[in-house]
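Q: I have a protein model open and I'd like to learn how to read it. Could you walk me through it, feature by feature?

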Amino acid sequence: YSFKEKSYQFRLTSLTPINSDNKPDPFETRGLNRFGQIQDQDQGQTLEHYRFTDQTLDYMVPLYKTRGCVKCHSSDTIQQTSIIGGLRITVPFEQIRDNFKKNQMLLGGTGLIITLVTILVLIFLIHFLVLRPIKELDKKSRQLSAGDLTSRVSLRTHDELEGLGHNFNLMAQGLMAHRDE
């Protein structure tokens with residue numbers, strides 16, 4: 001499946017392979033030699049070997065000898081070490097890059113839509129909660145200044161603008177009372 005999909009690949013290798021198809025390439029040889037050196041020095045280091053290229057991530061870990069291994073891998077070299085080979089995993093970046101680009105476009109599009117919806121909601125709220133009451137106050141104050149003392153404001157905003165409208169109505173009522181005296 002992974003070869004068909006050009007996805008991850010696994011490969012077993014050894015410095016002394018039984019199957020010639022498992023001969024290590026230069027990357028694998030460096031990793032196997034490094035595993036042997038670290039094991040000989042017993043420094044408690046993590047045994048892993050990796051590299052990044054423009055196209056892939058290559059990652060390699062050691063394979064340790066078990067009883068089952070000794071049946072097939074019976075050479076003197078294998079008997080002297082606990083590491084008998086390595087497992088290499090190759091992950092191509094092309095598919096990851098493509099998925100990243102798709103996700104980036106999806107995220108960008110979603111962000112743009114959310115931004116536009118937020119702007120539209122804010123415009124709606126500003127219009128109905130701020131501008132409409134102010135326009136009504138402006139209209140009624142012009143009517144009052146033109147001499148229409150019966151002009152009243154009817155605001156139900158439950159905020160300072162409603163209070164201002166109430167005070168406007170009190171002012172208009174006071175002006176009518178003074179005029180009638």
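Q: Let's begin with one residue: is arginine 51 buried, partly exposed or exposed?
A: Here's the general idea: buried means under 20% relative accessible area, exposed means over 50%, and partly exposed is in between (1.4 Å probe, protein chains only). Arginine 51 has 30% relative accessibility, so it counts as partly exposed. Before we go on, some ground rules: this is a predicted model, where local features need pLDDT of at least 70 and side-chain atom pairs count only at pLDDT 80 or more, while totals for chains, interfaces and linings use all residues. Residues are numbered from 1 along each chain as its sequence is written, and side-chain values use heavy atoms, with hydrogens and water left out.

Q: What elements does the protein have, and in what order do they run?
A: Helices (H or I, at least four residues) and strands (E, at least two) are DSSP runs, numbered from the N terminus. Here you'll find 5 helices and 4 strands. Starting at the N terminus, the order is β-α-β-β-α-α-β-α-α.

Q: How do I read strand pairing, say between β2 and β3?
A: Two strands pair if DSSP finds at least two bridges between them. Strands β2 (residues 49-52) and β3 (residues 56-64) run antiparallel and are joined by 4 bridges. Together they form a hairpin, with 3 residues between them. Look across the pair: tyrosine 50 stands opposite tyrosine 59, and phenylalanine 52 stands opposite leucine 57.

Q: Which strand does β3 pair with through 9 bridges?
A: That's β4, and the two run antiparallel. Leucine 57 turns up again here, as it stands opposite valine 91 in β4. A handy rule when you look at a strand is that in a regular one the side chains alternate between the two faces of the sheet.

Q: How do I spot a salt bridge, and which residue does aspartate 58 meet at 2.9 Å?
A: Side chains of opposite charge can pair when their charged atoms come close. The cut-off is a side-chain nitrogen of Lys or Arg within 4 Å of a carboxyl oxygen of Asp or Glu. The side chain of aspartate 58 meets that of arginine 51, at 2.9 Å from N to O. Aspartate 58 is buried, with a relative accessible area of 2%.

Q: Where does arginine 88 lie, and what does its pair with aspartate 58 tie together?
A: Arginine 88 forms a salt bridge with aspartate 58, with the closest N and O atoms 3.2 Å apart. Arginine 88 lies in strand β4 (residues 83-92) and aspartate 58 in strand β3, so the pair ties together parts that are 30 residues apart in sequence. Both arginine 88 and aspartate 58 are buried. They also belong to a network of salt bridges that links Arg11, Asp25, Glu28, Arg51, Asp58 and Arg88.

Q: How many salt bridges does a search of the whole structure find?
A: It finds 7. One of them joins arginine 179 and aspartate 180, with their closest N and O atoms 3.6 Å apart. Arginine 179 and aspartate 180 are both exposed.

Q: Which residues make up the largest nonpolar core?
A: A nonpolar core is a set of buried Ala, Val, Leu, Ile, Met, Phe, Trp, Tyr and Cys residues joined through side-chain atoms within 4.5 Å. The largest one has 8 residues: Leu137, Leu144, Leu149, Val153, Leu155, Leu161, Phe168 and Ala172. Two elements, α4 (93-145) and α5 (160-180), give two or more residues to this core. The largest share, 3 residues, comes from α5. Apart from this core lies another, of 7 residues, including Leu32, Leu47, Met60 and Ile83.

Q: What is phenylalanine 168 in contact with?
A: Contact means heavy atoms within 4.5 Å. Leaving aside neighbours within four places in sequence, phenylalanine 168 is in contact with Leu137, Lys140, Ser141, Leu144, Ser151 and Val153.

Q: And on the outside, which residues make the nonpolar surface patch of about 950 Å²?
A: Patches are made of residues with over 30% relative accessible area and no salt bridge; like charges are joined within 9 Å, and nonpolar side chains (Val, Leu, Ile, Met, Phe, Trp, Tyr) within 5 Å. This patch is made by Ile113, Val117, Val121, Leu122, Phe124, Leu125, Ile126, Leu129, Val130, Leu131 and Ile134. Take isoleucine 126, which lies in helix α4: its relative accessible area is 45%, so it is partly exposed.

Technical notes:
Areas by Shrake-Rupley, 256 points an atom, 1.4 Å probe, with all protein chains shown as cover.
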